[in-house]
Amino acid sequence: KPSLRTRVTFQIAIEELGGSAIYLGPQEVGLGERESVPDIARNLERWVDGIVARVNRHEDLRTLADHASIPVINALSEREHPGQILADFLTIYERRRSLQNVKIAYVGDGNNVAVSLMLMAAKLGVPMSVAIPLGYRPDPATEKRIDDLFRVAGVPFVVTNDPKIAVAGADIVYTDTWTSMGQEEEAAQRREAFQGYQVNDDLMSHAAPDALFMHCLPAHRGEEVSDEVMASPRSAIFDQAENRLHVHKAILLLALQSVGPVSS
């Protein structure tokens, strides 16, 4: 999938750590079309030390990992976006100096960003509430996985159709685009389904007085979020974007050290 933040930050992270990166787009690779995913993995493992994969299908990511002896890093799939969420929690920690006594609210589509945000909140024991319209929630298996993790963590997790209920008293208000890449034909239908879900000054007034606004970007200003909220001092969106670079360095070091020493 096309990328600004993910590609730039991973490439800079690799170079600043002393490595070099080769970009392979759909024209060069064609996962499962020009060549099978297992064969792509078996070729790449002979030449490179790791694969950063940003893919349409999560199954392609898993297949790469199953057939490559080198680390495969999820840079985005239609199911999850873990690198983004690690950067988000780093941003929350920087702003709050702790993850304790922090409540997160998510308003919008139950997409890959929402899923990763819920999974990470549950694993870190951070209370969370989400407002997602019926028909746009994660699939049942993913919902059960999230519910189970929150139950084990013993922290509150609320799912509602009312954004005002979700953001009530929240310290973090997070949203994402209503129409993700590959869903462009659904844009008009989604705009109708998400009426009332825009994060604007009125909705933010229901959150904590010092609540932060977060968005993974790119944003459709005037749809899921108003210009006023995006440009306000409470917005942490560009801190999130910066922290992608720092988190990606950490991910790369951790992944590469797991398979052998990393030269300086």
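A salt bridge is counted here when a side-chain nitrogen of Lys or Arg lies within 4 Å of a carboxyl oxygen of Asp or Glu. In this predicted model, Arg57 and Asp60 form such a salt bridge, with their closest N and O atoms 3.0 Å apart. Arg57 is partly exposed, its relative accessible area being 46%, whereas Asp60 is buried at 11%.

**Salt bridges**

By this rule, the count for the model comes to 14 salt bridges, and three of the pairs are set out below.

| Pair | Closest N to O distance |
|---|---|
| Arg57 and Asp60 | 3.0 Å |
| Lys144 and Asp148 | 2.8 Å |
| Arg191 and Glu223 | 3.5 Å |

The partners Asp148 and Lys144 both belong to helix H6 (residues 140-153), where they are 4 residues apart, or about one turn of the helix. Asp148 is partly exposed, with a relative accessible area of 26%, while Lys144 is exposed, with a value of 52%.

The side chains of Arg191 and Glu223 also meet in a salt bridge. This pair links distant parts of the chain, since Arg191 lies in helix H8 (residues 187-193) and Glu223 in the loop between strand E7 (212-215) and helix H10 (227-230), 32 residues apart. Arg191 is partly exposed, with a relative accessible area of 35%, but Glu223 is buried, with 19%. In addition, Asp109, Glu186 and Arg190 are joined into one network by salt bridges that share partners.

**Strand E3 and its partners**

Strand E3 covers residues 104-107, with Ile104 and Tyr106 pointing one way and Ala105 and Val107 the other way, and all of these residues are buried. E3 runs parallel to strand E4 (residues 128-131), to which 4 bridges join it, and the bridge partner of Ile104 in E4 is Met128. Together with helix H5 (residues 112-124), E3 and E4 make a right-handed β-α-β unit. E3 also pairs in the parallel sense with strand E6 (residues 172-175), again over 4 bridges, and here Val107 stands opposite Thr175.

**Helix H11**

Helix H11 has 21 residues (residues 237-257), so at 1.5 Å a residue it should span 30 Å, and this agrees with its end C-alpha atoms, which are 30 Å apart. Within H11 there is a kink of about 30°, centred on Asn243. Asn243 is itself one of the buried residues of this helix, which also include Ile237, Gln240, Arg244, His248, Ile251 and Ala255.

Key. Residues are numbered from 1 along each chain as its sequence is written. This is a predicted model: local features need pLDDT of at least 70, side-chain atom pairs count only at pLDDT 80 or more; totals for chains, interfaces and linings use all residues. Side-chain values use heavy atoms; hydrogens and water are left out. Helices (H or I, at least four residues) and strands (E, at least two) are DSSP runs, numbered from the N terminus. The expected span of a helix is 1.5 Å times one less than its number of residues. The bend at a residue is the angle between axes fitted to the seven residues ending there and the seven starting there. Buried means under 20% relative accessible area, exposed over 50%, partly exposed in between (1.4 Å probe, protein chains only). Two strands pair if DSSP finds at least two bridges between them. A crossover is right-handed if, with the strands pointing away from the viewer, the path from the first strand over the helix to the second runs clockwise.
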